[in-house]
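Let's take a walk through this fold, from its strands to a few residues worth a closer look. Have the sequence and the 3D view open as you read.

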Amino acid sequence: MPRLAAAAAVSRRAGEALRRGALGRLRLLSSLQPSNAASSDEVLVEGKATARAAVLNRPGYLNALTTTMGARLNKFYESWEDNPDIGFVMMKGSGRAFCAGGDVVRLRELISEGKLEECKDFFKTLYMFIYFLGTYLKPHIAILDGVTMGGGGGVSIPGTFRIATDRTVFATPEVHIGFHPDAAASFYLSHLTGHVGEYVALTGEKLNGTDMIALGLATHYSMSGHLDLIDERLAKLVTDDPSVIDSSLAQYGDMVYPDKESIVHRLEVIDKCFSHDTVEEIVDALESEAASSNEEWCTLALKRLKEASPLALKVSLRSIREGRYQTLDECLVREYRMSMNGISKQFSHEFCEGVRARLVEKDFTPKWDPPALEYVTNDMVDAYFAPLGDLEPELKLPTESREAFV
């Protein structure tokens, strides 16, 4: 299977790019308010011999991140990085999800109430943690057992190791709620093989654990029922050496092979269709491919593109294309600017309408504005990427004290 081998090789190199900053020195929108449980219980800590594990603990909300959770993660990870007795750090989720993204219904409410400062605090806190994770000095292991979407990818993929399982469901579905894939998605998606990043971002396609391994989004695979064995092994490890952790994860993990429905069998046609310069050209290419091949996945991809916000599609395509030539910190700074513009008066209708149609009233008939791709002008897309101005500061990341990706 030469195509798969080539894809895996490129994907491994992409994974190394994601990890380079940390290893050389030994990033769903998310919920903005805490649940009824005490905020101190939303991130639990498990202690091991020479390791610590942060457990995202909002199982009733599929572990959607809050601003408070982001702040606690920043605090924990900073203290663990400074502790010479801790060799590596882990992140898990409670219940049936790792982290499903966000309470966008609540975000919509905050926007309608004019509470934009609370929204800004959330994005700042989350993006700061993602940058911290992406430049972390110690090996990091994320166990992606269950739903992993939006911000869930952001708080795991920039780390050293990601364990996918047979329960993993990954996606960046933001275009279907009138937003853009953020939380470092424009960085890690753009570094995948070929133009798979554009495909995942524009269709919101769900990937399973096997596909995540094949594309390099995950580094290891385990059956969910075998995670206890991995946990026991990691509990006994006394190391800060990523190669030792890597070999342990491989030894106790499971072998997996793509089935006939896997994305790896579509890489060539995905590159053919999603390499075009504009969303309109991508749609045309998919329509031609669907007509000639009669492939079900192609018809489904077209359907998902036509359901998404036209403005979000054009914004997201540009974001992925820019991310291909930017470092992690540059992507996060740009995504913050895009997110602030996305919740501004000029563009917030798109997000609020998407959330209404998909998650509030659930009629799945959003009234996008503009309603079709031909009405989305270059000026509109440019405005989404525009600098925030003197009265609205840009995101400031500690790039001088923490090395950014090159």
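Which residue is the bridge partner of V45 in β2? A54 is. To see how that pair comes about, start with the two strands around it. β1 (residues 43-47) and β2 run antiparallel and are joined by five bridges, and a hairpin of three residues leads from β1 into β2. Strands count as paired here if DSSP finds at least two bridges between them. The strands themselves are DSSP runs of E with at least two residues, helices are runs of H or I with at least four, and both are numbered from the N terminus.

A word on what you're looking at: this is a predicted model, in which local features need pLDDT of at least 70 and side-chain atom pairs count only at pLDDT 80 or more, while totals for chains, interfaces and linings use all residues. Residues are numbered from 1 along each chain as its sequence is written, and side-chain values use heavy atoms, with hydrogens and water left out.

Now the overview. The chain holds 17 helices and ten strands. It has 406 residues, and 58% of them count as buried; buried means under 20% relative accessible area, exposed means over 50%, and partly exposed is in between (1.4 Å probe, protein chains only). About 16500 Å² of the chain is exposed, with 51% of that supplied by carbon and sulfur atoms. Those areas come from the Shrake-Rupley method with a 1.4 Å probe, and for residues only the protein chains shown count as cover.

Back to β2 (residues 51-56), where five of the six residues are buried. Besides β1, β2 also pairs with β3 (residues 88-93), this time in parallel, through six bridges. In that pairing A53 has M90 as its partner in β3. Strands of a sheet pair through backbone hydrogen bonds, either parallel or antiparallel. Between the two parallel strands comes helix α2 (residues 67-82), and β2, α2 and β3 together make a right-handed β-α-β unit. Right-handed means that, with the strands pointing away from you, the path from the first strand over the helix to the second runs clockwise.

On the way from β2 to α2 you pass L62, which sits in the loop between them. L62 has a positive phi of about 55° although it is not a glycine, and at 22% relative accessibility it counts as partly exposed. N294 also has a positive phi, about 60°, and is not a glycine either. You'll find N294 in the loop between α12 (279-293) and α13 (296-307). Is N294 buried or exposed? It counts as exposed, because its relative accessibility is 67%. One more backbone oddity is the cis peptide bond from D369 to P370, with omega near 5°. Most residues other than glycine have a negative phi, and most peptide bonds are trans.

There is another sheet to find: an open one of four strands with mixed pairing, in the order β4-β6-β8-β9. Its edges are β4 (97-99) and β9 (207-208), each of which pairs on one side only. β4 pairs with β6 (residues 147-149) in the parallel sense over two bridges, and A97 stands opposite V147.

T168 lies in the loop that leads from β7 (161-165) to β8 (169-171). At 2% relative accessibility, T168 counts as buried. Its side chain reaches the backbone oxygen of L144 at 2.4 Å and the backbone nitrogen of T165 at 2.8 Å. Among the residues that T168 touches (heavy atoms within 4.5 Å) are D145, G146, L207 and N208.

For a helix with two sides, go to α10 (residues 242-252). P242, I245, S248 and L249 are buried there. They cover an arc of only 125° around the axis, so they sit on the same side of α10; the arc is that of the directions from the helix axis to the C-beta atoms. On the other side, A250 and Q251 are exposed.

Finish near the end of the chain with L397, in the segment after α17 (378-384). L397 counts as buried because its relative accessibility is 13%. The C-alpha atoms of L397 and D329 are 7.1 Å apart, although 68 residues separate them along the chain. L397 touches D329 too, along with residues including Y127, M128 and Y131.

Technical notes. Polar contact = N/O pair within 3.5 Å; in protein donor to acceptor, adjacent residues only side chain to side chain. Lists of a residue's contacts leave out its neighbours within four places in sequence.
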